[in-house]
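Thanks for asking me to look this over. Here are my comments as numbered points, to be read with the structure open beside them.

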Amino acid sequence: MSSSEDDRPLAAVRGARTNGTSSTVSADTNGTTPGPIPTNKNSKSVSSRLDKMANKSTNGVRPINAAGISLVNGSVEDSGDLRRGKRKGHQAPIKESSSSEDSDAPLNKRRRTSNGIRKENGFKQEDISSDDDDVPLAKKAAAKRRNMPLTTLVKREKKPPAPPGGGSSDSDIPLATAKLAKEKQRIEQKAAKPAKEMRAEENKATTAAGAKRKSAGNANTSELAKKAGKAPPKKTNGVKKEESSDDDVPLAKKRKGAAQKPIESTKKATGKKTKDIDTKPTAAKGKGKAKEETPAEADEEEEEEYKWWENQAETDGTQKWTTLMHNGVLFPPAYESLPKHVKMKYGGVEVTLPLEAEEVAGFFGAMLDTQHASNPTFAENFFKDFQAILKHVNILSFQKCDFKPMYDYFEEKKAEKKALGLAGRKALKAEKDKAEEKYLYCYLDGRKEKVGNFRVEPPGLFRGRGEHPKTGMVKARVQPEQVTINIGKEATVPAPPPGHSWADVIHDNTVTWLATWKENINGNIKYVMLAATSSLKGMSDFKKFEKARELKNHIDRIREDYTRDLKSELMADRQRATAMYLIDKLALRAGNEKSDDEADTVGCCSLRYEHITLEPPNVVVFDFLGKDSIRFYQKTPVIHQVFKNLKIFKKAPKTKGDMIFDRLDTTQLNKHLQNYMQGLSAKVFRTYNASWTMQEQLDEIPNEGAVHEKYAAYNLANKKVAILCNHQRTVSTTHETMMQKQEEKIKGLRYQKLRLKRMILSLEPTRKKKNPAFFKPDPEIDDEEWIKEHQFSLVEQEKERITKKFEKDNEKLQENGEKVLKDKELKERLQVIKDMEAEFKTENKTGKIEPKRGATVEKLEAQIQKMEERIKKQETEAQVREDNKTVALGTSKINYIDPRLTVMFCKKYGVPIEKIFAKTLRDKFKWAIESADGDWKF
DNA sequence: CTAAGCGAGTCGGGATTCAGTAT
DNA sequence: CATACTGAATCCCGACTCGCTTA
């Protein structure tokens with residue numbers, strides 16, 4: 001760990017970057033846009049750091065529930081004890097830090113303690129002030145601030161939420177060039193599209209493009225476009241401002257105009273749709289509907305779908321819609337009792353349970369073969385809830401319960417379903433689809449939008465992730481009486497299931513949910529919302545990334561400030577600064593407080609003593625469970641002051657269980673961040689650093705080579721971001737066996753290669769002398785034992801193959817009413833096996849193989865060549881598989897990497913977008929695909 | 001030898017539902 | 001604190017790949 005460099009204060013590092021004096025490859029072209037802080041020193045820093053992380057992070061396999069304790073030992077009557085013993089039973093009563101004064105109160109292990117705080121206060125005077133010899137501070141900062149880019153100032157004064165695409169450094173791209181570039185891209189993109197999609201868009205694209213091309217010289221784009229029957233092809237957000245050749249209409253006016261149109265059309269559409277949707281639930285349900293619109297048709301014709309990103313109608317954001325129509329939620333089917341012969345047993349005797357109890361027992365029965373069933377907490381929680389529902393039935397001991405009959409029954413059912421065959425299952429699916437059809441879409445401001453999770457969550461046993469104290473509890477069935485519907489005033493309220501009523505029906509257009517209810521396990525509120533592809537979600541996604549981009553304009557100052565504050569005399573400030581450093585550098589989450597009935601996971605602000613280990617001079621080891629109980633393990637060098645601070649924050653009497661940042665919480669932190677930029681919060685740093693890193697990584701990819709190479713490079717960049725964000729996945733249970741299989745396969749190929757070489761030698765023994773290197777034995781397979789085994793399995797395979805074929809042939813013959821082959825025939829066919837064995841035998845003895853008839857050295861060499869390629873392919877594949885076994889790329893792609901970066905990459909590098917964004921992502925990121933081009937910058 | 005067909009196994013993607021953050 | 005929204009891993013199923021056979 002070359003500590004000397006890492007010790008450099010951030011400011012210095014940044015300075016180097018900003019001056020453009022650093023040799024940094026990743027240095028920003030215009031030299032002003034700041035990178036993420038992690039860029040510690042030189043060009044390689046980010047990647048090397050990430051690589052380090054990758055290696056260090058122990059390939060963080062998710063910790064499996066340690067308790068492998070089987071339930072078989074110990075009776076249910078014990079469960080109380082188990083429970084008590086389990087978690088922090090030893091914990092001292094919690095003292096609220098604010099109130100308590102008694103200094104001899106025992107330290108609470110999890111929360112910050114009054115005790116701890118007082119001590120900190122004491123030390124504050126001596127320690128903090130003393131270690132602060134090198135006071136920089138206020139003056140410097142003020143000076144720096146004066147240097148702040150003008151844009152920043154202007155923007156902040158004028159309009160808080162900068163119009164998308166406004167405001168930033170890219171505005172100096174000449175419009176004409178930009179337009180041309182964009183058009184080029186559009187064409188290229190079209191070319192890259194798969195035929196099917198292309199056809200769909202052909203008309204649109206060509207006319208629009210044509211119109212545009214004509215207009216390029218002189219005229220008014222939008223006019224021509226209108227003539228072509230299209231909305232003006234506006235470029236919106238992101239790169240170019242719409243400062244337009246268009247005309248001299250002030251921007252504001254234009255925006256208004258744009259905003260108005262959709263509203264009008266909305267109204268019209270609304271009217272139409274209202275009728276539509278209103279009648280559906282009542283009359284037209286069954287037949288009328290089916291013929292009236294195959295979904296595909298309907299989609300293509302109407303719509304002229306809403307491209308929200310093409311008009312800047314910035315509502316203030318609190319109102320989410322004006323009209324809203326939907327059909328409510330879909331409840332899971334009612335429980336059907338099991339057949340009479342399927343019963344759980346208690347003490348070996350079949351018991352008849354009340355319906356509700358049977359259902360719950362079934363929940364457990366269905367999970368017998370999962371990890372959960374052997375988790376004591378799970379069983380305990382389940383059993384407690386189970387007993388509560390049993391009423392008078394006398395079941396007191398979990399050990400005496402036998403759910404196996406239920407399990408078997410479910411397995412049977414599964415098998416039945418499988419046996420239905422493809423056709424049968426298709427039919428079932430069609431039926432289900434039909435039942436769901438009306439819930440799939442809603443109408444928001446008259447536009448058809450996809451609903452996300454319209455299915456009410458079915459009852460079951462709560463799983464929870466990590467060591468969740470509530471795992472195994474019964475998740476109750478949700479009744480319509482618990483569900484509140486949110487819908488437009490003008491819309492028909494969907495009817496609750498017969499005999500039921502809704503909890504409430506409201507018309508709140510400041511929220512986006514269509515329905516809500518409260519879940520019984522944690523008391524969390526669940527919502528039915530629109531799908532990720534909807535305009536509402538799209539817009540907020542867009543805003544999220546714009547916010548992250550805006551952070552660019554403030555990040556320098558923020559970093560300066562917190563670097564300075566690392567030495568603050570105020571404990572609270574110093575902690576805050578340190579936390580910000582960690583959030584910025586390590587992409588930690590904010591770390592809200594959690595209660596005792598949740599899994600014990602932490603983020604930055606909730607880090608505790610035991611989560612950080614200090615290794616002088618400047619390395620910090622983080623080891624804790626983060627969101628979803630995913631382990632965060634990282635050894636990383638930090639700047640000196642941070643190291644010093646963490647040492648202070650861990651100072652006695654603090655000990656295991658105490659908060660590191662006892663003077664800080666997420667609310668304070670975010671409040672502080674708001675001072676820098678509206679809407680800035682801790683999580684924005686994650687988005688920012690992720691996208692920034694991606695941009696940096698993409699910039700380093702050479703624009704050459706085959707598409708698949710570029711794609712691989714993209715994935716590598718993606719992977720770095722995933723590692724930055726600590727996105728892990730559990731190694732699949734099959735991983736190891738799959739790796740072994742693959743290795744075996746590779747070995748087999750190598751053996752084949754070896755044999756080919758031996759054949760050459762049989763043809764021309766002299767070659768060995770001419771080219772000894774070529775015929776050198778392959779070190780990978782010099783193991784005779786293995787060779788023999790392998791030969792044996794090859795022989796076996798061959799036998800099986802021949803036998804199978806024989807049987808198949810016979811079947812065919814039988815079908816045709818012909819004579820069946822005799823066993824003698826089979827024996828004859830199996831004669832080759834003998835040959836094989838003989839061949840192996842001599843091969844093993846002499847090292848020689850008779851090549852097949854007609855074989856020539858040239859042919860054999862060609863085969864060897866091919867074999868080598870296959871081996872190489874398999875090997876790289878295996879490598880990637882191994883490398884990625886714990887890294888999940890998806891999450892960062894979906895949530896953190898600005899999709900416009902990907903679009904930019906694809907357009908610039910000529911990689912088809914569908915290679916990187918699957919169908920749903922293309923839908924979700926439509927706004928990005930249509931608005932970014934090859935020179936877009938985050 | 002190539003193209004097409006075939007079946008098993010793998011993989012990717014969407015659905016699910018829980019876990020966070022933010023105000 | 002409740003509310004509302006984003007973010008997250010995993011489950012599960014369908015589709016596609018791959019190696020092999022057959023025409």
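**Notes on the model**

1. Let me start with a histidine. The side chain of H468 comes to 3.0 Å from the backbone nitrogen of K470. H468 sits in the loop that joins β7 (460-461) to β8 (474-475). Its relative accessibility is 10%, so H468 counts as buried, the limit being under 20%. Please keep in mind throughout that this is a predicted model.

2. Next, the DNA. How many residues surround DNA strand B? There are 29, and the closest are R465, K594, T601, R881 and T920. Sorted by class, the surface near DNA strand B is made of 13 charged, 10 polar and six nonpolar residues. Four helices each supply at least two residues to this surface: α21 (666-674), α22 (682-699), α24 (735-763) and α32 (919-924).

3. Which part of DNA strand B does the protein meet, in terms of atoms within 4 Å? Sugar or phosphate accounts for 83% of those strand atoms, and bases for the rest. Three individual contacts can be looked up in the viewer. For K594, a polar side-chain atom is 2.5 Å from a phosphate oxygen of DNA strand B. For A590, a polar backbone atom is 3.5 Å from a phosphate oxygen of the strand. For D628, a polar side-chain atom lies 3.2 Å from a sugar or linking oxygen.

4. Helix α15 (residues 376-390) lends itself to a quick geometry check. With 15 residues at 1.5 Å a residue, α15 should span 21 Å; the C-alpha atoms at its ends are 20 Å apart, which agrees. At the N-terminal end, N375 acts as the cap of α15, with a side-chain oxygen 2.9 Å from the backbone nitrogen of T377. After α15 comes K391, which has a positive phi, near 60°.

5. Staying with α15, which of its residues are buried? They are P376, T377, F378, A379, E380, N381, F382, F383, F386 and L390. As a reminder when viewing that list, an α-helix has 3.6 residues a turn, so residues three or four places apart point the same way.

6. On cysteines, a search of the whole structure turns up zero disulfides. C604 is in none, and its nearest cysteine sulfur, that of C605, is 5.1 Å away; a disulfide would need the two sulfurs within 2.5 Å. C604 counts as buried because its relative accessibility is 0%. C906 also counts as buried, at 5% relative accessibility.

7. Two features come from the UniProt record, in an unreviewed entry. The record places "active site" at Y896. In the model, Y896 is in the loop between α30 (890-895) and α31 (899-909), and at 15% relative accessibility Y896 counts as buried. The record also places "coiled-coil region" at residues 857-884. Over residues 857-884 the chain is 96% helix and 0% strand, with its end C-alpha atoms 40 Å apart.

8. Last, a serine you may like to click on. S535 belongs to helix α18 (residues 535-565). Is S535 buried or exposed? Its relative accessible area is 6%, so S535 is buried. S535 and R447 are 88 residues apart along the chain, and their C-alpha atoms are separated by 9.5 Å.

Conventions. Residues numbered from 1 in each chain as written. Chains lettered and ligands numbered in written order. Predicted model: local features only at pLDDT ≥ 70, side-chain atom pairs only at ≥ 80, totals over all residues. Heavy atoms only, no water. Near = heavy atom within 4 Å. Polar contact = N/O pair within 3.5 Å; in protein donor to acceptor, adjacent residues only side chain to side chain. Nonpolar A, V, L, I, M, F, W, Y, C, P; charged D, E, K, R; others polar. Buried < 20%, exposed > 50% of the residue type's maximum accessible area, 1.4 Å probe, protein only. Expected span 1.5 Å × (residues − 1). UniProt positions renumbered as here; feature names shortened; annotations may be inferred.
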